[in-house]
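This report describes a multichain protein structure for a reader working at the bench. Please consult the sequence and the structure shown below while reading.

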Amino acid sequence: MMVTKLRLITQHVMFFALTYGGRFGIRFGHSLPCFSCPYVSGCGGSCYLMALQGNWWGLQMSTTDMMTAMGLESLAHLGIFILLVILLNKFWCGWICPFGVVQDWLTYLRRRLAIHEAQFRWLTRDRLKTVKWILLAYLLIVPLLIAHAGGHYDLHLPFCRSICPAKPLMPLFVGNVRHLALDFTNAVTLLFTILSVTIAGGMLVGMFFKERFFCLFCPMLVLIHIFRKISPVRFEKNVDGCIGCGNCQCMCPMDIRAVHEQKTDKNVLSEDCLLCMNCTEACPGDEVLSIRFFKWRLFASSRNYVARRFAQRQRLS
Amino acid sequence: MNEIAVKSNPRRQRLLQRVRMEIHAELEAARLQLQQRADYHPTWDYFLNLLMRPLAPDRLQAEVGPSGETFMQFGTV
Amino acid sequence: MGLHPLRLGSGCFCVGRLSASHSPVLMCPLLKATMGLLQFQAPTQNDTMPWVVPTTCDWVVKFQELANTQPEAYFLELPHLHRGEKGQQRWLEEIYGLVRLLENQTGRKLNRKTLLSSVQIFMHAWKVFGRLIELRRKRVLAGVWFMVAANSFLLDSIEIWTERVHQMLETVATHPPAPEGNGVFLAGSPIIFPNFKLLHLIETAGMDVYGDDLCTSERIWPGAVCYEEPSYRGIMRALAERYHKACICPTFADNERRINSILNTLQQHHIRGVVYHVLKGCHPFDIESFNLEPRLKSRGYHFLKIETDYVQEDSQNILTRLEAFGRI
């Protein structure tokens, strides 16, 4: 079976399991390294970013709570998160993340309408990389300030409540429109909800015109990336085999140039990579790009595969 | 041979005629050499004919291709 | 758009004589022959037919001036840096320019649908061409015959050509492979029918060409277009990038990937020797041979550089060198 199809099936199965799974007794816990939003009632598992920022199992925990069983629990959640990240690494992004699927739907719609994708200049694209680090810093520092430096409690879950577009958008899939409303309780809540709704609106437009637009800014991507070196998931390039055709760059939803440009290091799993394997599928060099899991090779590029896949695809279009 | 640039020059016409024959001979010789090989098969004739055709003297004129469409000339060197 | 490209490059020796008196002595014989051939042009019938020249080397750039043809050539200005954003952007603009020219010529509009179907036709051709390369590697198909098939690419409608190659493959695939012999890899300047001198000489010297990186043979087109965006602009961009970025012609300044392509074939098919063909006056290939030779030799491959043109007089000399090379 074509990798694309397998990925589509996996993505959709996981979307339904993570969005509606709770209603059928599926519960994957609170440590998932993907945007399975806990604001979706009846979801099948929760994004770890919420646990990480929260006062139950996260950074906002007070020093006294840390000494209790809650401290151990939070360590357990962190442990599970790290384990999951190590095990599947970026597969979480390209194959599982439900918010990623929503973005892919928008892209699919745009392509059906034959609307051209927005293009960033290379320099702009490189500069955007820093945004997700800033967001990561934001979601780590603010909870610490609340817990230890007297920050206002209404600043809690800063990333989820003010930035993350999944919070207003994902609950729409279970018919919940409450998160689109503004909260007039005080200045902080009002600011947070205005930010949240504005960003969600902007992101919707962005995600329509640019494939995986939100992933460009996703702090989870950074967290996952940190563990790439100890993960059994490997994305490798036979640098001597590359003839530099540039298909990998052309096909990448994140416009990654590193795979194409790499000339010495065989490890090409870059910071923005989602492991969607689009590049590997389009690489005409036999075994030039390959995805490995431990010692097993999951998939490797080949000329025959490219010819088969694209001939099929063009029949469809 | 500088007068070659002068289009209506009769010497040029004669020269062109001679070269035309020489080209033909050169192409035929090359084709024959290939056809006399032990591994020659008649299916190759299509390709050999193609190679002969664009080098023929009238090759730059607009041609109607087998699919009924007009050929357009491109220089790719 | 209902148009077919027709390649102009020529390998004919006689015709080169027509241009000999008004062109530089050391001019690339390929262009000399092409220039001579243009003397046969009947101006009245061709006034409206443009001919398009990508500016790959200095000879091509000055070609219009030397040949003084009517109508004037349309130059596709080739950015010689193809890994950077600027070069790619400029090339895309050139391609859009070409589309405008063709649209003006024909009065027809290029649209997404025709682009898509043409991409598909080329994908099919690429698949068949891949099988052709495989058969040559397996020694079922002689190097000379491979060159015949590749040389005739774009001389007929691509669909018919593909169909014929496919038919020919059916016939040839049943043949037994030739006994394991002295396989060599042929690199360097293009070889065009009828000038198969070097190929015949290589065979006479007891070797055969198992692979090559000539732009009139295996590298005649860089492969089919893979696109992610099925919009008009998306396909145009993919198309432009494919034919620019994937090209490993020595005319590019950032061309270090060419060696990879050669080494790959050598390794995968256990070829030990490289014959490097330089047409006299073909500077880009000549220059790059100086970089290639030490790198190939350092990996234990044998390297022989042969500098020649379309004349037959040096055949014996080349044959002697090839025979000596074959014995190593």
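Which side chain does Lys305(C) meet in a polar contact of 3.0 Å? The partner is Ser289(C), whose side chain is joined to that of Lys305(C) by this contact. The model is predicted, and every value in this report is computed from it.

## The surroundings of Lys305(C)

Lys305(C) belongs to strand 7 of chain C, which covers residues 302-308. When residues up to four places away in sequence are set aside, Lys305(C) touches Tyr276(C), Val278(C), Asp286(C), Ser289(C), Phe290(C) and Arg321(C). Ser289(C), the polar partner, is thus also one of the residues listed as touching Lys305(C).

## Tyr232(C) and helix 11 of chain C

Helix 11 of chain C comprises residues 232-245, and Tyr232(C) is found in this helix. Tyr232(C) has a relative accessible area of 23% and therefore counts as partly exposed, since buried residues fall under 20%. Apart from neighbours within four places in sequence, the residues in contact with Tyr232(C) are Tyr96(C), Val99(C), Leu110(C), Asn111(C), Arg112(C) and Leu115(C). A separation of 36 Å lies between the C-alpha atoms of Tyr232(C) and Leu30(C), two residues that are 202 positions apart along the chain.

Helix 11 of chain C also holds a salt bridge between the side chains of Lys245(C) and Glu241(C), with an N to O distance of 3.3 Å. About one helical turn separates Lys245(C) and Glu241(C), because they are four residues apart in helix 11 of chain C. Lys245(C) and Glu241(C) are both buried.

## Salt bridges in the structure

Over all chains, the structure holds 35 salt bridges. One of them links Arg111(A) to Glu229(C), with the closest N and O atoms 3.1 Å apart. This pair crosses between chains: Arg111(A) lies in helix 6 (residues 98-112) of chain A, whereas Glu229(C) lies in the loop between strand 5 (207-212) and helix 11 of chain C. Arg111(A) and Glu229(C) are both buried.

A further salt bridge joins the side chains of Glu65(C) and Lys62(C), at 2.9 Å from N to O. Glu65(C) is exposed, because its relative accessibility of 59% is over 50%. Lys62(C), in turn, is partly exposed, with a relative accessible area of 40%.

## The interface between chains C and A

How many residues does each chain bring to the contact between chain C and chain A? Chain C contributes 35 residues and chain A contributes 43 residues. Between them, chain C and chain A bury about 3500 Å², of which 48% is on carbon and sulfur atoms. On the side of chain C, the residues that lose the most area to chain A are Glu85(C), Glu228(C) and Arg257(C), which together account for 21% of what that side buries.

Five salt bridges are counted between chain C and chain A, and 16 residue pairs are in polar contact, with both residues at pLDDT 80 or more. Glu85(C) takes part in a salt bridge with Arg121(A), at 3.3 Å from N to O between the side chains. Helix 6 (85-106), helix 7 (112-137), helix 11 and helix 12 (258-268) of chain C each supply at least two residues of the side that touches chain A. The largest share, ten residues, comes from helix 7 of chain C. By class, the side of chain C that touches chain A has twelve nonpolar, nine polar and 14 charged residues.

## Chain pairs and the fold of chain A

Two pairs of chains are in contact, and chains B and C share the most contacts. Chain A and chain B do not touch, and their nearest C-alpha atoms are 20 Å apart.

Chain A has 15 helices and three strands. Its C-alpha trace spans about 60 × 45 × 40 Å along the principal axes. For the 317 residues of chain A, a compact globule would have a radius of gyration near 20 Å, and the value of 20 Å for chain A agrees with this. Of these 317 residues, 56% count as buried. Among the contacts in chain A with a separation of 6 or more, 67% are between residues 24 or more positions apart.

How values were computed:
Residues are numbered from 1 along each chain as its sequence is written. Chains are lettered from A and ligands numbered from 1 in the order in which they are written. This is a predicted model: local features need pLDDT of at least 70, side-chain atom pairs count only at pLDDT 80 or more; totals for chains, interfaces and linings use all residues. Side-chain values use heavy atoms; hydrogens and water are left out. A polar contact is a pair of N or O atoms within 3.5 Å; within protein, one must be able to donate a hydrogen and the other to accept it, and residues adjacent in sequence count only if both atoms are side-chain atoms. Contact means heavy atoms within 4.5 Å. Buried means under 20% relative accessible area, exposed over 50%, partly exposed in between (1.4 Å probe, protein chains only). Buried area is the accessible area (1.4 Å probe) that two parts lose on being put together, summed over both. A salt bridge is a side-chain nitrogen of Lys or Arg within 4 Å of a carboxyl oxygen of Asp or Glu. Ala, Val, Leu, Ile, Met, Phe, Trp, Tyr, Cys and Pro count as nonpolar, Asp, Glu, Lys and Arg as charged, and the others, Gly among them, as polar. The radius of gyration is taken over C-alpha atoms; the globule rule is 2.2 Å times the number of residues to the power 0.38.
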